[in-house]
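Dear colleague,

Please find below the structure I promised to pass on to you. My notes on what was found in it follow directly after.

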Amino acid sequence: MNLGQITNQIVLMFCLMLVGVIINKFKFMHAQTSNDLTNILLYVVSPCLIINAFEQDYSSSRIKQFVMVFIGIVVFYIIAIIISKLVFGRLKNENLRRITQYGSVYSNAGFMGIPLISALFGSTGVFYAVVSLAGFNIFSWTHGVSLFRNDEERIDYKQVLLNPNLIAIVIGLLMFLLSLRFPSTLNQVVKNVGSINTPLSMIVIGNSLANIKLSKDMLDKNIGLTLILRNLILPVIMILILKLLGVTGVAYYTTIIMAACPVAGIVVLFTLQSHGDAGPAISLMSISTILSLITIPLIFAIGRFIL
């Protein structure tokens with residue numbers, strides 16, 4: 001995989017986002033349709049893609065890389081959470097403090113990362129990418145949620161454990177370890193459903209971006225600093241962690257691309273649930289997504305140079 005290939009793939013994904021923008025402008029997709037498609041992606045398409053990625057022959061070397069990536073992900077989140085706390089923890093504006101801390105740490109692993117990895121590396125890439133997705137879900141629904149809750153509100157660990165992507169990862173991992181396979185017809189159904197993940201995800205993201213309006217929030221210096229951390233600095237830290245752990249090949253490139261993805265769109269949902277001003281969150285998500293057209297290939301190039 002060279003820099004030109006990844007750049008071309010990202011351009012293709014942004015073209016698919018443009019399709020979503022056009023669909024929005026012609027009012028072919030309304031808010032309820034977008035929500036329904038998001039649920040289909042989360043509860044049906046993405047789990048099928050993940051399970052299909054585990055339908056391959058058992059390999060001890062793959063498991064070793066899988067475990068090392070998992071260790072790297074845990075270390076990365078601990079470091080990222082500490083950095084975000086040090087940089088933004090003292091902001092007087094509570095709403096902005098929550099958004100910048102969450103936005104700097106958590107990338108759009110599910111809706112942009114997995115589709116990109118699937119397009120670049122196929123099921124082998126998704127096999128390793130699910131580690132980043134699992135880490136995102138575990139930390140986002142514990143630490144991430146806690147940023148937007150009051151001290152007396154408790155984290156719903158049931159919500160974490162019943163996340164459809166985590167369930168799919170557990171099922172897929174058991175199938176891989178036990179060398180289990182679905183019957184051919186069911187396997188084809190799972191594969192076909194999972195194959196629509198990339199175009200459908202990009203169209204849904206594009207539809208959301210079409211609703212973004214320019215505002216003064218986009219010029220806030222803390223939003224700018226968050227973008228630098230999320231799109232550049234933290235992905236480079238991930239590269240260094242993986243290098244120290246000896247992660248190589250597809251596992252290495254997959255993980256750094258997942259780390260280089262833009263701000264997770266769920267920051268907007270969490271802000272709305274906490275009754276905060278979603279303006280800064282929307283600005284952060286949209287600008288980060290647009291910048292990723294440049295920053296993802298840049299992080300990939302840095303990763304190749306360091307490796």
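Helix 3, helix 5, helix 10 and helix 11 each supply at least two residues of the lining of the largest cavity. Please bear in mind that this is a predicted model. The count comes to one cavity of 30 Å³ or more, and the largest cavity holds about 80 Å³ of space. Its lining consists of Ile 73, Phe 76, Tyr 77, Val 105, Ser 107, Ala 109, Ser 132, Arg 230, Met 238, Thr 255, Met 258 and Ala 259. By character, eight of these lining residues are nonpolar, three are polar and one is charged.

Helix 3 deserves a description of its own. Helix 3 comprises 29 residues, from 60 to 88. At 1.5 Å a residue, helix 3 should span 42 Å, and its end C-alpha atoms are 42 Å apart, so the expected and modelled values agree. The buried residues of helix 3 are Ile 63, Gln 65, Phe 66, Val 69, Gly 72, Ile 73, Phe 76, Tyr 77, Ala 80, Ile 81, Ser 84 and Phe 88. An α-helix has 3.6 residues a turn, so residues three or four places apart point the same way. The partners against which the buried residues of helix 3 pack are helix 4 (94-105), helix 5 (109-147), helix 7 (164-177), helix 10 (221-245) and helix 11 (249-260).

Two aromatic residues of helix 3 also belong to the cavity lining, namely Phe 76 and Tyr 77. Phe 76 has a relative accessible area of 3%, which is under the 20% limit, and therefore counts as buried. Tyr 77 is likewise buried, because its relative accessible area is 5%. Across the whole structure, a search finds 18 aromatic pairs. Phe 76 and Tyr 77 form an edge-to-face pair, with 5.5 Å from centre to centre and 65° between the planes. Both rings are members of one aromatic cluster, which Phe 76 and Tyr 77 form together with Tyr 102, Tyr 106, Phe 136, Phe 139, Trp 141, Phe 148 and Phe 270.

One residue of helix 4 may also be noted. Asn 95 is found in helix 4. Is Asn 95 buried or exposed? With a relative accessible area of 16%, Asn 95 falls under 20% and is therefore buried. Leaving aside its neighbours within four places in sequence, Asn 95 is in contact with Thr 271, Gly 276, Asp 277 and Pro 280.

With kind regards

Note on methods:
Residues numbered from 1 in each chain as written. Predicted model: local features only at pLDDT ≥ 70, side-chain atom pairs only at ≥ 80, totals over all residues. Heavy atoms only, no water. Helix = DSSP H or I, 4+ residues; strand = E, 2+ residues; numbered from the N terminus. Expected span 1.5 Å × (residues − 1). Buried < 20%, exposed > 50% of the residue type's maximum accessible area, 1.4 Å probe, protein only. Contact = heavy atoms within 4.5 Å. 1 Å grid on protein atoms, 1.4 Å probe; cavity = no way out; pocket = protein on both sides within 12 Å on 5 of 7 lines; lining within 4 Å. Points joined across faces, edges and corners; volume = space filled by probe spheres on them. Nonpolar A, V, L, I, M, F, W, Y, C, P; charged D, E, K, R; others polar. Phe/Tyr/Trp six-rings, centres within 6.5 Å; stacked < 30°, edge-to-face > 60°.
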